[in-house]
Amino acid sequence: SSSLDYSFCDLTEMSDIFDEEPRAGKSKDRTKTRPKWPATSLKLNNNALSSYDNMIDVFNAIIWDISAITLLDLSFNGLSTISSDLQCLPNLGVLYMHGNVISSINEIKNLRSLPHLVSVSLHGNPIERQKGYRLFIVSSLPKVRNIDFVTVTNAEREESEYWRRVRCPKRLAKALE
């Protein structure tokens, strides 16, 4: 798989990508006949991104086929939400969003439209401190096998079902519907 790496580029908005060259990697062989990069992973970690403005347009401008993206790393930025625009990446299997400022657990619902998502990292965000954080994610995203780099166990799946039916706070139950 080929990786397009814009980590540590001091990006403050998605369109700043146009002013940067990706870090060294397999995809570095862009030619004039191929104005876009063939990539299956996109790394935008360790920047200063605080919004998803123009994300789809930027991705389409730099990547041959954005539906081929299977890994997206948005960790260590200033993102406070999980954009519903991520659904433009239908084959996304791994999403790193740890070390941001996501404070509403209801943002998880924006990941439900990603049928191939099997691994998500959200630790280091304020939502991690909410009671039932991990159980909520397991209940919301039943296909996810890893949360915060830890495997989801069968016992957690069973507990999340019980939690969902019996213990889930009403404010979160509405988000699970």
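**Stop 1: the loop between S1 and S2**

Start by selecting Asp10, which counts as exposed at 66% relative accessibility. You will find Asp10 in the loop between S1 and S2. Keep in mind as you look around that this is a predicted model. Turn to the backbone of Asp10 and check its phi: the angle is positive, about 60 degrees, although the residue is not a glycine.

Now add Phe8 to the selection. Phe8 also sits in the loop between S1 and S2, and its phi is positive too, at about 55 degrees, again without being a glycine. Is Phe8 buried or exposed? With a relative accessible area of 53%, Phe8 is exposed. Select Cys9 next, and the picture changes: Cys9 is buried, with a relative accessible area of 12%.

**Stop 2: the cysteines**

While Cys9 is on screen, bring up Cys88 as well. Cys88 counts as buried at 16% relative accessibility. How many disulfides does a search of the whole structure find? The search comes back with zero.

**Stop 3: the whole fold**

Zoom out and switch to a cartoon view. You should see four helices and seven strands. Walking along the sequence, the pattern reads β-β-α-β-β-β-α-β-β-α-α. The protein has 177 residues, of which 47% count as buried. Among contacts with a separation of 6 or more, 65% come from residues 24 or more positions apart. Put a surface on the protein, and about 9,000 Å² is exposed, with carbon and sulfur atoms supplying 50% of that area.

**Stop 4: the sheet**

Hide the surface and colour the strands. They form an open sheet of seven strands with mixed pairing, in the order S1-S2-S3-S4-S5-S6-S7. Which strands stand at the edges? Select 3-5 for S1 and 150-151 for S7: each has a single partner strand, so one side of each is left without a neighbour in the sheet.

Move inward to S2 (residues 41-43) and S3 (residues 71-73). These two strands run parallel and are joined by three bridges. Pick Leu42 and look straight across: Leu72 in S3 stands opposite.

Continue to Val94, in strand S4. Val94 is buried, with a relative accessible area of 18%. Show everything around Val94, leaving aside neighbours within four places in sequence, and you will find contacts with Thr70, Leu71, Leu72, Leu117 and Ser119. For a distance to try in the viewer, draw a line from the C-alpha of Val94 to the C-alpha of Ile69: the two are 9.4 Å apart in space and 25 residues apart in sequence.

**Stop 5: the nonpolar core**

Leu72 has come up twice now, and it leads to the next selection. The largest nonpolar core has 48 residues, and those with the most contacts inside it are Tyr6, Leu44, Phe59, Leu72 and Leu122. Helices H1 (55-62) and H2 (133-140) are the elements that give two or more residues to this core. Which of them gives the most? That is H2, with five residues.

Centre the view on Phe59 and show its surroundings. Not counting residues up to four places away in sequence, Phe59 touches Met14, Leu42, Leu44, Ile66, Leu72 and Leu89. Leu42 and Leu72, the two residues that face each other across S2 and S3, are thus both on screen again.

Then select H2 itself. Eight of its eight residues are buried, so H2 is largely enclosed by the rest of the structure. The buried set includes polar names as well as nonpolar ones: Tyr133, Arg134, Leu135, Phe136, Ile137, Val138, Ser139 and Ser140.

**Stop 6: the aromatic pair**

For the last stop, show the aromatic side chains. A search of the whole structure finds one aromatic pair. The partners are Tyr96 and Phe149, with ring centres 5.3 Å apart and planes at 40 degrees, so the pair is tilted. Where do the two rings sit? Tyr96 is in strand S4 (residues 94-96) and Phe149 is in the loop between strand S6 (146-147) and S7, so the pair ties together parts that are 53 residues apart in sequence. Finish on Phe149, which counts as partly exposed at 48% relative accessibility.

Key:
Residues numbered from 1 in each chain as written. Predicted model: local features only at pLDDT ≥ 70, side-chain atom pairs only at ≥ 80, totals over all residues. Heavy atoms only, no water. Pairing = 2+ DSSP bridges. Buried < 20%, exposed > 50% of the residue type's maximum accessible area, 1.4 Å probe, protein only. Contact = heavy atoms within 4.5 Å. Areas by Shrake-Rupley, 256 points an atom, 1.4 Å probe, with all protein chains shown as cover. Core = buried A, V, L, I, M, F, W, Y, C linked by side-chain atoms within 4.5 Å. Phe/Tyr/Trp six-rings, centres within 6.5 Å; stacked < 30°, edge-to-face > 60°. Disulfide = S-S within 2.5 Å.
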